[in-house]
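User: I'd like to learn how to read a structure like this one, starting from the whole chain and ending at a single residue. Can you walk me through it?

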Amino acid sequence: MPGHLLKFFLFGFCQLLFSGGFAQSQTCPVNSNFSFGTLTHWWAYTGNNKNGNGTASIRDIYDSTNAAPVGTIGAKTIYEYQLSGVPGIQVITSSGVDPFGGFATIPVINGYAYNYSLLLGSTSISHNSGAPGGYTRGISYLINVPPGPAKLPYTMTYAYAMVLENGTHNSNQQPLFSATLKTKDSIITCASPSYYLPTSNNADNRGTGATLNVQEAEAEGFKQSSTPSPNENPNGGGGHLLDVWTKGWREVTFDLSPYRGQQVSLTFEADNCIPGGHFAYAYIALRNSCAGLVISGDTVACINSTLTYSIPALGGGNYSWSFPAGWQVLTNQTDNNIINVIPGTLGGNIIAHEVNGCANLTDTLVVTTSPPTIPGALSGGEPVCAGENTNKLVLSGNQGNVLNWISTTDGFNYQEIPNTGLAYTASNLTETTTFKALVQNGPTCAIDSSSGVTILVYQKSVGGALAPSTYTICKNQDKEANLAVVGETGTVVNWQLSEDGVNWTYFNPVLTDSIYGVNNITVPTDYRVVVKNGVCPADTSSVAVVSYIDVPFPKAEIEPADTLICYGDKAPLNAQIDIGTSYSWTNLATLTNAGDGTVSSTPYFIHPVASPLHSTRYVLSVLNAGCPNARLDTSLVNVTPRIVVNAGNDTAVVFNEPLQWNATSSDTGDTFLWTPATDLNNPDIYDPVGIYAAGTDSVRYVVRATASDGCFGEDTVLVRVFKTLPDIFVPNAFTPGGPTNNVFRPIAVGIAKLRYFKVYNRWGQMMYGTEQMGQGWNGMVSGSIQPTGSYVWMAEGVDYTGKTIFRKGVMVLVR
């Protein structure tokens with residue numbers, strides 16, 4: 001359509017659209033907030049911006065006088081330009097979450113809940129289709145400002161949010177969102193923002209390569225999304241760019257009272273980048289209130305709570321507030337459209353004033369105050385038995401209404417109880433439960449929970465069983481006849497006995513133990529226990545039947561009952577059997593002279609000897625023929641831990657050179673003794689120094705470490721005395737895996753410290769290395785014996801005077 005025809009069309013259809021009478025002076029334009037769920041009364045267009053953004057890019061027009069699909073009457077969706085099936089303009093009636101910005105698609109701003117919004121644009125791009133230029137789309141509303149006094153505000157408020165992909169183009173070619181409020185002959189700039197991602201330096205000849213000015217973008221309220229673009233990189237290189245930026249919901253308010261009886265247009269437009277490869281889309285929502293400034297916030301304020309009051313923002317506007325006496329303003333400055341306050345005790349007027357080139361507005365909100373929530377306390381909560389039970393709980397001392405009750409059985413997870421009364425009857429509880437009431441004194445006061453009441457729920461008493469259920473007791477038996485209650489729920493109240501199984505007698509004195517040793521009976525007797533769990537009725541256990549046999553119970557004793565020996569020592573035991581015909585011992589492997597198990601006559605004496613290596617219980621079990629029960633007696637032999645002494649490795653020394661010994665013991669505080677004391681400066685310490693005369697060939701020492709209890713441990717060590725100077729001797733051959741000479745090691749004579757001993761193959765690879773005296777190579781590397789051949793060795797050590805001794809040579813590995 002030629003440009004002059006387009007202008008004529010726009011002017012004509014706008015005149016037709018609102019040629020009827022004006023609405024009431026404060027009524028918002030019909031469906032300006034998309035409350036119909038459609039674009040009815042809006043004008044829309046889609047197109048391509050290869051020649052630039054704005055009206056020059058319009059290709060398809062959807063006027064407000066025709067029904068869908070050629071017009072906007074009843075239209076919910078309009079598709080992208082020449083891209084069927086992809087919405088470019090879409091009315092939103094159910095809120096969701098934007099995938100890039102994470103903000104709601106229908107906003108709640110400063111306490112005001114919008115009910116509808118419009119999505120303008122999509123993530124679709126035209127670059128991949130080969131078509132030059134990007135998608136552009138817009139909507140416009142011709143507003144007939146109602147006639148009336150110019151001093152009577154006629155305000156409109158729109159909100160917007162946007163998602164723009166950085167195209168690295170020059171700023172004037174970047175994805176764009178704009179809003180334009182226009183009179184017949186001029187643009188009202190304070191209500192006409194436009195946003196793009198600013199870049200610095202110029203793009204290359206392909207239109208890309210400009211650098212995003214991140215600081216400026218962030219100052220404009222943009223944030224980089226963590227979600228990558230759904231489109232492949234149109235600038236080449238493949239992949240999906242992580243360069244999508246979002247700007248959350250903002251509001252713009254403008255006052256049209258200076259234009260009473262006139263027409264103004266409000267237009268929103270979202271344009272992809274002009275090269276076409278990067279997307280732009282925006283959300284738009286409008287308030288359905290045009291009667292001037294409206295303060296958003298609660299009219300009943302909770303004393304000492306934190307509340308927020310707000311008014312729609314004005315671009316470049318100034319703000320001022322006043323609050324009732326005693327109210328505390330928390331916001332750093334009152335020149336803000338959002339104010340956080342802590343109400344005092346007095347109500348009154350909240351007055352807000354905002355002014356810019358678009359509006360000069362004032363509103364007053366009358367507020368009252370209410371005292372803060374007092375949750376109160378619960379009473380009641382008597383212990384109950386699980387199952388059928390009731391318990392009335394009552395809330396008192398609260399200030400506010402009960403929202404509901406809550407309960408928990410674990411102290412962490414709470415269940416909601418739909419009860420708003422001051423009393424609640426808990427019934428049929430099966431486990432211990434804590435109850436609370438949630439209280440709130442009006443919607444601006446905090447919700448608080450009352451003190452909790454815990455109803456202790458006892459599980460039903462279970463008497464359990466006595467074990468063993470049957471038992472035979474012998475004459476004069478005074479031990480080994482224990483009955484124990486098992487499987488019970490609750491505690492033992494007392495034991496009962498009966499000689500006829502019908503008439504039961506409680507124990508006197510009362511016995512509450514769970515184990516009872518039967519004794520002093522001469523007739524068969526039944527036993528049971530009475531068990532009670534908390535407030536639940538008592539229950540009785542199953543019956544244990546104890547029979548009586550007129551055969552004496554064995555009589556025997558072992559001594560000592562316990563004794564202590566050193567590791568490696570022996571402990572003599574003594575046992576006497578006065579009644580019995582046979583016996584046996586436990587742990588016979590460490591017991592000698594334990595007898596043959598037959599009692600030939602009484603009294604019968606046994607004198608075994610115990611030699612355990614760790615603490616051991618020796619149990620004597622005696623039987624008397626005709627009585628099925630054994631008498632058990634025990635002797636505990638405690639064994640002190642083994643004292644492990646390490647006198648060091650066998651060594652060699654040069655005569656007249658000092659040799660520092662250093663013995664250790666696994667026990668602390670031991671005393672040491674070296675035997676013999678030959679050539680030692682002190683044989684009674686753990687670290688004597690030996691200086692050996694030329695006439696000494698070798699000395700083998702026995703080192704004893706004795707603990708405070710007299711127990712001791714020993715080790716031996718051999719020193720050979722050489723009549724040479726300090727040196728390192730190394731054999732010239734060895735046989736890995738052989739019966740002898742199977743480890744290749746240095747012999748250090750007069751050496752205080754071995755710095756290293758290393759073995760190399762003929763290729764210079766190190767086969768073995770050590771710094772430890774007495775250590776050597778077994779001929780293996782990584783689990784494999786090395787081949788026969790010559791190997792180079794090197795060794796270095798320090799003698800007792802500090803002199804370095806270095807030796808090297810060749811040895812032969814023989815397999």
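**Reading the chain, then a residue**

Analyst: Let's start with burial: of the 815 residues of the chain, 45% count as buried. Keep in mind that this is a predicted model.

User: What does the accessible surface of the chain come to, and what share belongs to carbon and sulfur atoms?

Analyst: The accessible surface is about 39200 Å², and carbon and sulfur atoms hold 51% of that.

User: How do I read the overall shape?

Analyst: Set the radius of gyration against what a compact globule would give. Here the chain has 50 Å, whereas a compact globule of 815 residues would have a value near 28 Å. For the extents, the C-alpha trace spans about 135 × 100 × 55 Å along its principal axes.

User: How many helices and how many strands are there in the chain?

Analyst: The count is 2 helices and 71 strands. To see how the chain folds back on itself, look at sequence separation: among contacts between residues at least 6 apart in sequence, 64% join residues at least 24 apart.

User: And charges?

Analyst: Count both signs, then compare where their centres sit. The chain carries 39 positive and 57 negative side chains, with the centres of the two sets 10 Å apart.

User: Which residues touch the most other members of the largest nonpolar core?

Analyst: In that core of 46 residues, they are L118, I139, Y158, F254, L256 and F268. Elements giving two or more residues to this core include β5 (83–92), β8 (117–122), β9 (135–144) and β16 (244–255). The largest share, 5 residues, comes from β10. Another core, of 21 residues, lies apart from this one, and its members include A647, L659, C711 and V719.

User: What does I139 touch, once residues up to four places away in sequence are not counted?

Analyst: Its partners include F34, W42, W43, I89, L118, L266 and F268.

User: Now a single residue: is V546 buried or exposed?

Analyst: Compare its relative accessible area with the cut-off: buried means under 20%. V546 has 1%, so V546 is buried. As for its place in the chain, V546 is found in strand β44, residues 544–552.

User: Which residues is V546 in contact with, leaving aside neighbours within four places in sequence?

Analyst: They are Y471, I473, L483, V518, I521, P524, T525, D526 and Y527. You can also check a pair by C-alpha distance: V546 and A481 are 65 residues apart in sequence and 9.4 Å apart in space.

Note on methods: Residues numbered from 1 in each chain as written. Predicted model: local features only at pLDDT ≥ 70, side-chain atom pairs only at ≥ 80, totals over all residues. Heavy atoms only, no water. Helix = DSSP H or I, 4+ residues; strand = E, 2+ residues; numbered from the N terminus. Buried < 20%, exposed > 50% of the residue type's maximum accessible area, 1.4 Å probe, protein only. Contact = heavy atoms within 4.5 Å. Rg over C-alpha atoms; globule rule 2.2 N^0.38 Å. Areas by Shrake-Rupley, 256 points an atom, 1.4 Å probe, with all protein chains shown as cover. Lys, Arg positive; Asp, Glu negative; His and termini not counted. Charge placed at Lys NZ, Arg CZ, Asp CG, Glu CD. Core = buried A, V, L, I, M, F, W, Y, C linked by side-chain atoms within 4.5 Å.
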